[in-house]
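Work through the exercises below with the sequence and the model open. Try each task before reading its solution.

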Amino acid sequence: MTRAATKTAAIEESWEDFEESCEIALEEGYFALELELLELPAAQEVALVHTELPELGPTLLVAYVPLGPGHEAAGRRAVLAACARRLPGVFAHAVATASIPRTATGAVRAGALIDQLLPQIARDFLSPTAMSD
């Protein structure tokens, strides 16, 4: 193996190690965020869904069920603050919802949740001053 090929192989290996460590850190960040969100006093229930939104790219959708009427704005601010602390490099959008669809085993039905939230997400981005809060 030539010196250049050896150097290239070492760089590729380092890059793979870097990508793997970033992926692990991101996964740990998601778990830590979810735990923090579950402790929020303004939200009864939360669900995180990582998806791609047109023109925005990778997005973390955070659905939360507010404690009751009048708690949507406080819940949204608390959710977004937690997202910024735990995953500062990830675009997050918080949406209040009446319920989070789940399977019989309790797993979030991500597709159904995104379908449920899309009308509100569209309104939020078409009229940012009228966002969920």
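**Exercise 1. Strand partners**

Which residue in strand 2 stands opposite valine 49?

Solution. The model is predicted. Begin with valine 49, which lies in strand 1. Strand 1 (residues 43-53) is joined to strand 2 by 10 bridges, and the two run antiparallel. Across from valine 49 stands leucine 61. Now look at the turn. The hairpin has three residues between the strands, and glutamate 55 takes a positive phi near 70° there.

**Exercise 2. The surroundings of valine 49**

Decide the following: is valine 49 buried or exposed?

Solution. The cut-off for buried is under 20% relative accessible area. Valine 49 has 6%, so it is buried. Next, list its contacts, leaving aside neighbours within four places in sequence. They are Thr59, Leu60, Leu61, Ala110, Leu113 and Ile114. Finally, take a C-alpha to C-alpha distance. Valine 49 and arginine 109 are 9.5 Å apart in space, with their positions 60 residues apart in sequence.

**Exercise 3. From strand 2 to strand 3**

Determine the sense in which strand 2 and strand 3 pair, and the hand of the crossover that links them.

Solution. Count bridges first: strand 2 and strand 3 share five, in the parallel sense. One facing pair is tyrosine 64 and alanine 96, the latter in strand 3. Then follow the chain. From strand 2 the path goes through helix 2 to strand 3, and this β-α-β crossover is right-handed. Check the cover of strand 2 (residues 57-66) as well: nine of its 10 residues are buried.

**Exercise 4. Two buried polar side chains**

Find what the side chains of histidine 93 and arginine 76 contact.

Solution. Take histidine 93, placed in strand 3. Its relative accessible area is 2%, so histidine 93 is buried. Its side chain makes a polar contact of 2.8 Å with the side chain of aspartate 124. Turn to arginine 76, in helix 2. Arginine 76 is also buried, at 8% relative accessible area. A polar atom of the arginine 76 side chain lies 3.4 Å from the backbone oxygen of alanine 94.

**Exercise 5. An aromatic pair**

Classify the ring pair of phenylalanine 91 and phenylalanine 125.

Solution. A pair of aromatic rings is described by the distance of the centres and the angle of the planes. The count here is one aromatic pair. The ring centres of phenylalanine 91 and phenylalanine 125 are 6.2 Å apart and the planes meet at 40°, so the pair is tilted. Now place the partners. Phenylalanine 91 sits in the loop between helix 2 (72-86) and strand 3 (92-96), and phenylalanine 125 in helix 3 (residues 110-126), so the pair ties together parts 34 residues apart in sequence. Last, check exposure. Phenylalanine 91 is partly exposed at 36% relative accessible area. Phenylalanine 125 is partly exposed too, at 31%.

**Exercise 6. The whole chain**

Give the order of helices and strands, then the figures for burial, contacts and surface.

Solution. The protein chain has three helices and three strands. Along the sequence the pattern reads α-β-β-α-β-α. Of the 133 residues, 33% count as buried. Among contacts between residues at least 6 apart in sequence, 56% join residues at least 24 apart. The chain exposes about 8300 Å², and carbon and sulfur atoms supply 59% of that area.

Methods. Residues are numbered from 1 along each chain as its sequence is written. This is a predicted model: local features need pLDDT of at least 70, side-chain atom pairs count only at pLDDT 80 or more; totals for chains, interfaces and linings use all residues. Side-chain values use heavy atoms; hydrogens and water are left out. Rings of Phe, Tyr and Trp (its six-membered ring) pair if their centres lie within 6.5 Å; planes under 30 degrees apart count as stacked, over 60 as edge-to-face and the rest as tilted. Helices (H or I, at least four residues) and strands (E, at least two) are DSSP runs, numbered from the N terminus. Buried means under 20% relative accessible area, exposed over 50%, partly exposed in between (1.4 Å probe, protein chains only). A polar contact is a pair of N or O atoms within 3.5 Å; within protein, one must be able to donate a hydrogen and the other to accept it, and residues adjacent in sequence count only if both atoms are side-chain atoms. Two strands pair if DSSP finds at least two bridges between them. A crossover is right-handed if, with the strands pointing away from the viewer, the path from the first strand over the helix to the second runs clockwise. Contact means heavy atoms within 4.5 Å. Accessible areas come from the Shrake-Rupley method with a 1.4 Å probe; for residues, only the protein chains shown count as cover.
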